[in-house]
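Trainee: I would like to learn how the words used to describe a structure are justified. Could we go through one together, slowly?

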Amino acid sequence: PSRLANPAAVALPENFPVSTVYQWNFAVQQELPANTAVTVSYVGSGSNYLPGFNNVNDALPGAGAVNARRPFPTYGGITLNAPFAHATYHSLQAKVERRFEKGFSLLGAYTLGHGMDNSINGEDNAAGSVNPQNPRDLRSERSSSATDIRHRLVTSGIWDLPLGGKGTAFGRALLGGWRLAGILSLQTGVPLTPTVAPNPANTTGPARPDRLRDGNLPGNERTIDRWFDRTAFAAATPFNFGNSGRHVLRAPGLKTLDAVLSRDFTLGEQRRLEFRWEMFNLTNTAQFGRPNLNVSLAQGGTITSTQTANRQMQLGLRLVF
């Protein structure tokens with residue numbers, strides 16, 4: 001070790017408690033005519049002793065070399081994996097279900113939910129840094145969780161198309177037996193954290209700007225060239241942390257429609273041929289990705305990627321015997 005220059009280290013507490021999760025729910029269900037049921041639920045959970053990451057050897061804000069201001073100057077970063085993280089989740093969930101009858105079924109589900117925590121998993125660092133901005137103030141890290149989707153609606157259905165039922169034998173053979181199914185998904189975007197560079201605090205942790213205004217633009221003003229108001233943020237004064245919290249911005253949402261058109265052709269008593277035409281993102285709607293979050297750059301707030309593919313289609317045949 002004496003030959004290493006500022007080695008990094010990873011530490012674990014001697015006593016690491018098992019994570020604890022409490023879950024609760026309450027539901028009311030009502031049967032309606034036409035073989036339909038409606039369910040409304042409240043679902044919640046609370047979690048404690050979740051593992052989080054914190055660089056306990058980060059320097060205090062200040063001028064000069066970083067290592068000289070570290071608690072342990074002969075080391076670099078010391079990442080402590082400790083059970084300081086906690087999370088809560090509350091949601092209103094509604095579901096409408098019509099079981100398959102007379103060639104038609106429908107399932108719709110809507111969730112209004114909100115999840116909060118004070119740390120993120122290392123696998124989800126696309127939403128922001130794993131380490132807190134100020135390792136000595138973990139309370140200021142509490143915000144909406146990286147996976148917080150406030151609104152989500154998913155509707156699916158199956159419909160046996162009423163074609164060729166009363167026509168000629170040729171018409172029934174050509175048009176009868178077709179089935180249409182689809183899934184519509186609508187959801188709001190996940191939270192994002194603005195950043196600034198270079199780091200005004202002169203530390204090695206994540207740097208957030210000062211938040212002057214909300215920063216989120218109304219829906220009718222958002223474009224891929226200006227998804228949020230970059231001027232609502234400014235670099236903090238030298239050798240200070242920015243006052244912006246985690247996850248104060250929102251990424252674009254998701255709107256997708258997938259569908260399949262299928263039919264079974266009977267080939268005798270024990271064989272049938274199944275034809276499927278599958279369509280993904282049927283409307284070819286552009287599903288924009290996350291914007292550039294560095295408010296110090298002119299490109300801050302711009303989007304240059306998509307989160308899902310354009311329309312895709314595939315045809316399939318399956319022989320069942």
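Trainee: Which residue in β3 is the bridge partner of glutamine 29?

Mentor: The model before us is a predicted one, and in it the partner of glutamine 29 in β3 is threonine 39. That bridge belongs to a set of 13 that join strand β2 (residues 20-32) to strand β3 (residues 36-55), and the two strands run antiparallel.

Trainee: What makes β2 and β3 count as paired strands?

Mentor: Pairing requires at least two bridges between the strands, and β2 and β3 have 13, so the two strands pair. They also form a hairpin with three residues between the strands, where alanine 34 takes a positive phi near 65 degrees.

Trainee: How do you know that β5 pairs with β6?

Mentor: Two bridges join β5 to strand β6 (residues 143-144), and because the rule asks for at least two, the condition is met. Within this antiparallel pairing, methionine 116 stands opposite serine 144 in β6. Strand β5 also pairs in the antiparallel sense with strand β7 (residues 151-160) over nine bridges, and there leucine 112 has histidine 151 as its bridge partner in β7.

Trainee: Which strand forms a hairpin with β5, and how many residues lie between them?

Mentor: Strand β4 forms that hairpin, with two residues between the strands, and lysine 102 in the turn has a positive phi of about 55 degrees. Strands β4 (residues 78-101) and β5 (residues 104-117) pair in the antiparallel sense over 13 bridges, and one of the matches is valine 96 with glycine 108 in β5.

Trainee: Why is the pair of tryptophan 178 and phenylalanine 275 called edge-to-face?

Mentor: Two aromatic pairs are counted here. For tryptophan 178 and phenylalanine 275 the ring centres are 6.0 Å apart and the planes stand at 85 degrees; centres within 6.5 Å make a pair and planes over 60 degrees apart make it edge-to-face, so both parts of the name are earned. Tryptophan 178 lies in strand β8 (residues 178-187) and phenylalanine 275 in strand β14 (residues 272-280), so the pair ties together parts that are 97 residues apart in sequence.

Trainee: What makes tryptophan 178 buried, and what is the term for phenylalanine 275?

Mentor: Buried means under 20% relative accessible area, and tryptophan 178 has 18%, so it is buried. Phenylalanine 275 has 21%, which falls between the 20% and 50% limits, so it is partly exposed.

Trainee: How do you know that phenylalanine 228 and phenylalanine 233 form an edge-to-face pair?

Mentor: Their centres are 6.3 Å apart and the angle between the planes is 85 degrees, which satisfies the limits of 6.5 Å and 60 degrees, so the pair is edge-to-face. Phenylalanine 228 is buried at 3% relative accessible area, and phenylalanine 233 is buried at 6%.

Trainee: Why is leucine 4 called exposed?

Mentor: Leucine 4, in the segment before β1, has a relative accessibility of 55%, and since exposed means over 50%, the word applies.

Trainee: Is asparagine 294 buried or exposed, and which residues does it contact beyond its neighbours within four places in sequence?

Mentor: Asparagine 294 lies in the loop between β14 and β15, and its 15% relative accessibility is under the 20% limit, so it counts as buried. Leaving aside those neighbours, asparagine 294 is in contact with Thr195, Val196, Ala197 and Gly300.

Conventions
Residues are numbered from 1 along each chain as its sequence is written. This is a predicted model: local features need pLDDT of at least 70, side-chain atom pairs count only at pLDDT 80 or more; totals for chains, interfaces and linings use all residues. Side-chain values use heavy atoms; hydrogens and water are left out. Rings of Phe, Tyr and Trp (its six-membered ring) pair if their centres lie within 6.5 Å; planes under 30 degrees apart count as stacked, over 60 as edge-to-face and the rest as tilted. Helices (H or I, at least four residues) and strands (E, at least two) are DSSP runs, numbered from the N terminus. Buried means under 20% relative accessible area, exposed over 50%, partly exposed in between (1.4 Å probe, protein chains only). Contact means heavy atoms within 4.5 Å.
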